[in-house]
Amino acid sequence: MNYDIKDITLASKGNLRIEWAEQYMPVLRLIRERFAIEKPLAGIRLSACLHVTTETAVLMKTLKAGGADLVVCASNPLSTQDDVSASLVEHDQIPVFAIKGEDNDTYYKHIARALDHKPMITMDDGADLVSTIHSERRELIDGIMGGTEETTTGVIRLRSMEANKVLMFPLVAVNDANTKHFFDNRYGTGQSTVDGIIRATNVLFAGKVVVVCGYGWCGRGVAMRARGLGANVIVTETDPLRALEAAMDGYSVMPSIEAAKMGEIFVTLTGNIHVIREEHYNVMKDGTIVCNSGHFNVEIDIDTLEKICTKKRRIREYVDEYTLEDGRKINLLGEGRLINLTAAEGHPASVMDMSFANQALCAEYIAKNADKLGKKVYPVPKEIDERIAKLKLDSMGIEIDDLTDEQQKYLAEWTMGT
Ligand SMILES: NC(=O)c1ccc[n+]([C@@H]2O[C@H](COP(=O)([O-])OP(=O)(O)OC[C@H]3O[C@@H](n4cnc5c(N)ncnc54)[C@H](O)[C@@H]3O)[C@@H](O)[C@H]2O)c1
């Protein structure tokens, strides 16, 4: 078997950690039990480009139980858990191409190896497989039934391909399922981003001024959790509706240049480029901590920081301290890559249970419906979304009310008033 990982001797450590995550993924476990019997992915080659974490391993084992012939590569050079890669290779015979800390060249070589598998289904987190296929590996297009996309930034890239009429196969936007972004982006990113900042710095949140750039699904989660730890949270936005929501949720809202003078910890979660840049560095306080939890490492203008600093040193494992000409120091965490996966372990398994249940069921959906799908970005079918919500509630032991007959009739009625 062909693979490229850091160290195969880490396999048993990885296996235990995967087992731990599995305990918190009851919905995916149920899907795996059914997949093992029905084999809906039999004969299907699938290439996955995902953060190689314990939760991803549970998804890979589920797809393999369903009969898929799999390979996995990293969707970020710094997010791989090397013990998980080793375990997937050693215990599950799934080829992995991912090494934590790989350089950009190796990152793209690993994507190329995953594509050498000639996928019939692609599974992306950030659309790097799909964009590489469309730009460099077009010979693969004819053999592809469709693909899935995990994150907001990836879906934005795919929608832009669709709008420009260059998309060549169907894609399902897993991110847009309610059981994905309501929970993963908000509660998952909320908790794990704060976790990443704390693991990287051991900083006290209580009393700190935390600036959250972007009040989307992820930003809401980070703002909520930072406030829960006692921070004073400032939100910056470009969308008036989201800014209004942040203001009514009780946060201070202001332009980023004003926030730059007051903030002590900055987190970007916008999916946009250069949200923190030179004009902000120029007014930031000495000792400011800056990090990103958006998909790509473009949200903080690192090149400029490199240019304007007089000294740079790695003061802790995930902290680069940049000294500016006037002596102020700015601390950049995790090289500007998503801090929750760089310095912590990414989202907790309970929330990835729903995201990856969507992935597994959408792979099955593509396998069964490829001939009916066009060159478009599709939403996750409503029945899949609802089924996952129901299963998750069941697994949490939560029961809810059913509508009475009278209530159902009332809701379908349009003539009745007071
Ligand atoms: N760290 C993780 O594990 C993780 C998990 C899920 C999603 N993501 C990524 O996080 C990013 C945000 O995802 P989301 O689901 O919250 O997206 P979203 O679209 O719901 O929110 C993004 C927000 O950023 C705002 N924004 C855009 N440009 C801005 C700017 N210059 N300044 C301030 N605000 C700006 C937008 O108006 C929007 O409200 C994406 O890149 C997504 O792929 C990361």
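A residue counts as partly exposed when its relative accessible area lies between the 20% under which it would be buried and the 50% over which it would be exposed. The structure described here is a predicted model. Tyr187, with a relative accessible area of 32%, falls in the partly exposed class. Phe183 is partly exposed as well, at 28% relative accessibility.

These two residues also belong together as a ring pair. The model contains six aromatic pairs. In one of them, Phe183 and Tyr187 lie 6.2 Å apart from centre to centre, with 35 degrees between their planes, and the pair is tilted. The angle is neither under 30 degrees, as stacking would need, nor over 60, as an edge-to-face pair would need, so the pair of Phe183 and Tyr187 is classed as tilted. Both residues are in helix H8, which covers residues 178-201, and because they are four residues apart there, about one helical turn separates them.

A second pair joins Tyr215 and Tyr251, this time edge-to-face, at 5.7 Å between centres and 65 degrees between planes. Tyr215 belongs to the loop between strand E7 (209-213) and helix H9 (217-228), while Tyr251 belongs to the loop between helix H10 (240-248) and strand E9 (252-253). The pair therefore ties together parts of the chain that are 36 residues apart in sequence. Both Tyr215 and Tyr251 are buried.

Back at Phe183 and Tyr187, ring pairs extend the group: Phe182, Phe183, Tyr187 and Trp217 are linked into a cluster. Charged side chains sit over rings of this cluster. Arg186 places its charged end over the ring of Phe182, at 5.9 Å from the ring centre. Arg220 lies over the face of Trp217, and here the distance to the ring centre is 4.4 Å.

The next part of the picture is the packing around helix H2, residues 26-38. The axis of H2 comes within 8 Å of the axis of helix H3 (residues 54-65), and the two cross at roughly 20 degrees. Angles under 35 degrees count as roughly parallel, and H2 and H3 are therefore roughly parallel to each other. The crossing of H2 past H3 is left-handed. On the H2 side, the residues that meet H3 are Leu28, Ile31, Arg32, Phe35 and Ala36; on the H3 side they are Val58, Leu59, Lys61, Thr62 and Ala65.

H2 also packs against helix H15, residues 349-369. The axes of H2 and H15 come within 8 Å and cross at roughly 25 degrees, so this pair is likewise roughly parallel. H2 passes H15 in a left-handed crossing. Here Pro26, Val27, Leu28, Ile31, Arg34, Phe35 and Glu38 of H2 meet Asp353, Phe356, Ala357, Ala360, Leu361 and Glu364 of H15. Leu28, Ile31 and Phe35 appear in the contacts of H2 with H3 and in those with H15.

Within H3, Ala57 is buried, with a relative accessible area of 0%. Apart from neighbours within four places in sequence, Ala57 contacts Ile18, Val84 and Leu88. Its C-alpha atom is 9.6 Å from that of Ile94, a residue 37 positions away along the chain.

Val84 and Leu88 are among the buried residues of helix H4. H4 spans residues 82-92 and is mostly covered, with nine of its eleven residues buried. The others in that buried set are Asp82, Asp83, Ser85, Ala86, Ser87, Val89 and Asp92. Their cover includes helix H1 (11-23), H3 and strand E3 (96-97). Just after H4, Gln93 adopts a positive phi of about 50 degrees.

On the other side of H4, Gln81 lies in the loop between strand E2 (69-74) and H4. Gln81 has a relative accessible area of 9% and is buried, since the limit for that class is under 20%. Residues up to four places away in sequence left aside, Gln81 touches Arg17, Val52, Thr53, Thr54 and Glu345.

Ile366, in helix H15, is buried at 0% relative accessibility. Beyond its neighbours within four places in sequence, Ile366 is in contact with Ile121, Met145, Gly146, Gly147, Thr148 and Val172. Between the C-alpha atoms of Ile366 and Gln81 there are 29 Å, and along the chain the two residues are 285 residues apart.

Terms used
Residues numbered from 1 in each chain as written. Predicted model: local features only at pLDDT ≥ 70, side-chain atom pairs only at ≥ 80, totals over all residues. Heavy atoms only, no water. Phe/Tyr/Trp six-rings, centres within 6.5 Å; stacked < 30°, edge-to-face > 60°. Buried < 20%, exposed > 50% of the residue type's maximum accessible area, 1.4 Å probe, protein only. Lys NZ or Arg CZ within 6 Å of the ring centre and 35° of its normal. Axes fitted to C-alpha atoms, helices over the stretch in contact; angles between N-to-C directions. Parallel < 35°, antiparallel > 145°, perpendicular 65-115°, else oblique. Left-handed = near helix turned anticlockwise from the far one by under 90°. Contact = heavy atoms within 4.5 Å.
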